[in-house]
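Trainee: Please take me closely through the way helices pack in this model. I would also like to know how far the surroundings can be trusted.

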Amino acid sequence: MNERIPKYENDILNNVHEHFSLHMKDYTDRFLETSNVAHSHNYYIIGILHEGTLSHLADFNHDCVSAPAILLLDVDQVHTHPDMDNCKLTSIAFSPRFIADQNDMFLLKLTQVFSRSFIKIPKDELDQLDEILSILDRYHRKEHREIELIQALLNVFILKCARLSENFPMLETQKSDLYADFRMSLKKNFDKEHHVKFYADLLNVSASILNLAVKKTTSKTPKQLIDEHLVLEAQRLLCWSDISGKEMSWKLGFETDSYFNKFFKKHTGLTPKDFRRKARISS
């Protein structure tokens with residue numbers, strides 16, 4: 001699927017020192033121009049919608065968003081840029097390299113922010129964000145940009161967005177859509193694919209976004225659900241069929257029966273043979 005969806009590299013950000021770009025209330029730049037063709041970027045984009053209403057399509061979320069709001073596009077997230085003729089919007093773009101030296105707590109906050117496609121905020125919160133953006137813009141426009149100050153201000157801005165994400169949570173329907181798609185994909189592919197990245201790619205989201213969406217709905221990680229599904233299917237086969245261990249490992253997508261045996265014992269405390277014996281004695 002990814003081969004058919006254009007992915008725009010950070011050639012535009014390469015023209016900006018240290019992979020950061022800020023455009024105050026202007027959405028006409030090439031990397032943000034209106035496009036109905038689904039594509040992705042290898043950098044983050046945050047849009048602050050000051051005025052107007054637009055149709056925001058990001059992955060499987062298609063929302064009509066009115067100002068004031070924060071629009072979010074994660075790295076590699078498939079999206080289109082809508083018509084924004086009647087909108088006023090500030091856009092920030094930055095590469096993963098620009099924030100690469102941040103600590104784990106900050107990166108967790110970043111993941112939290114980009115786990116959703118937009119945050120609807122009240123006017124007073126927009127005013128506070130504008131204050132940070134105004135200072136950011138001042139340093140960004142300098143001929144010799146003070147990168148450390150820009151990074152620090154971007155950190156403050158992202159942490160503020162993280163707090164807003166907590167204070168104005170997504171609706172349950174928004175949170176559960178991606179989880180429902182993941183469960184459907186898992187049922188179709190569990191016997192062939194065991195890696196979270198496969199399902200994230202299939203659903204056109206990053207692994208971190210999928211992880212957050214699933215955890216918010218179930219308090220479990222996608223990997224836990226994949227493993228639980230495999231264990232359940234193995235238990236069914238052990239109880240209700242005479243399939244051999246080698247056949248079972250092949251049927252469930254394991255490379256070897258030895259690896260399957262270790263996996264099953266790790267999750268149940270029993271070898272497949274012991275589980276089958278115990279299940280049949282009790283039945």
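**Helix packing and its setting**

Mentor: Of the contacts in the chain with a separation of 6 or more, 73% are between residues 24 or more positions apart. Keep in mind that this is a predicted model. The chain has 283 residues, 49% of which count as buried, and it holds 10 helices and 10 strands.

Start with the packing itself. Two packed helices are described by the angle between their axes and the distance between the axes. Take helix α2 (residues 123–140) and helix α3 (residues 147–167): their axes cross at roughly 165 degrees and come within 9 Å. Angles over 145 degrees count as roughly antiparallel, so α2 is roughly antiparallel to α3. The crossing of these two helices is left-handed. On the α2 side, the contact is made by Glu125, Gln128, Leu129, Ile132, Leu133, Ile135, Leu136, Tyr139 and His140. On the α3 side, the residues are Leu149, Ile150, Leu153, Leu154, Val156, Phe157, Lys160 and Leu164.

The second pair is α7 and α9. Helix α7 covers residues 222–240, and its axis is 10 Å from that of α9, at an angle of about 105 degrees. An angle from 65 to 115 degrees counts as roughly perpendicular, and α7 and α9 are therefore described that way. From α7, the residues that meet the other helix are Asp227, Leu230, Val231, Ala234, Gln235 and Leu238. Their partners in α9 are Phe260, Phe263, Phe264, His267 and Thr268.

Stay with α7 for one more residue. Ile226 is found in this helix, and with a relative accessible area of 0% it is buried. What does Ile226 contact, leaving aside its neighbours within four places in sequence? The list is Phe182, Leu186, His194, His195, Val196 and Tyr199. Glu193 is 33 residues from Ile226 along the chain, with the two C-alpha atoms separated by 9.1 Å.

A strand residue shows another such pairing of distant positions. Phe118 lies in strand β10 (residues 118–120). Its C-alpha atom is 5.5 Å from that of Leu72, although 46 residues along the chain separate the two. Phe118 is buried, at a relative accessible area of 14%, because the cut-off for buried is under 20%.

Two loops deserve a look at the backbone. Most residues other than glycine have a negative phi, and most peptide bonds are trans. Asn204, in the loop between α5 (196–202) and α6 (207–218), has a positive phi, near 60 degrees. Its relative accessibility of 11% makes Asn204 buried. Pro68 sits in the loop between β6 (61–66) and β7 (69–73). The peptide bond joining Ala67 to Pro68 is cis, with omega at about -5 degrees.

Next, the cysteines. A disulfide is a covalent bond between the sulfur atoms of two cysteines. For a pair to count, the two sulfur atoms must be within 2.5 Å. By this rule there are zero disulfides. Cys64 is in none, since its nearest cysteine sulfur, that of Cys87, is 9.6 Å away. Seen from the other side, the sulfur of Cys87 has its closest cysteine sulfur in Cys64, and 9.6 Å is too far for a bond. Is Cys64 buried or exposed? At 63% relative accessibility, Cys64 counts as exposed.

Last, your point about trust. The chain has a mean pLDDT of 82, with 83% of its residues at 70 or more. Confidence is highest in helix α9 (residues 257–268), at a mean of 94, and lowest in strand β1 (residues 7–8), at 58. Helix α9 is thus one partner in the second packed pair above. Over residues 1–5 the pLDDT stays under 50, and the model gives this stretch eight contacts beyond four places in sequence. Residues 27–31 are also below 50, with 16 contacts in the model beyond near neighbours in sequence. Where pLDDT is low, the predicted coordinates should not be read in detail.

Conventions
Residues are numbered from 1 along each chain as its sequence is written. This is a predicted model: local features need pLDDT of at least 70, side-chain atom pairs count only at pLDDT 80 or more; totals for chains, interfaces and linings use all residues. Side-chain values use heavy atoms; hydrogens and water are left out. Buried means under 20% relative accessible area, exposed over 50%, partly exposed in between (1.4 Å probe, protein chains only). pLDDT is the predictor's confidence in each residue, from 0 to 100. Helices (H or I, at least four residues) and strands (E, at least two) are DSSP runs, numbered from the N terminus. Contact means heavy atoms within 4.5 Å. Axes are lines fitted to C-alpha atoms, for helices over the stretch in contact, and angles run from 0 to 180 degrees between N-to-C directions. Angles under 35 degrees count as roughly parallel, over 145 as roughly antiparallel, 65 to 115 as roughly perpendicular and the rest as oblique. A crossing is left-handed if the near helix is turned anticlockwise from the far one by less than a right angle, and right-handed if clockwise.
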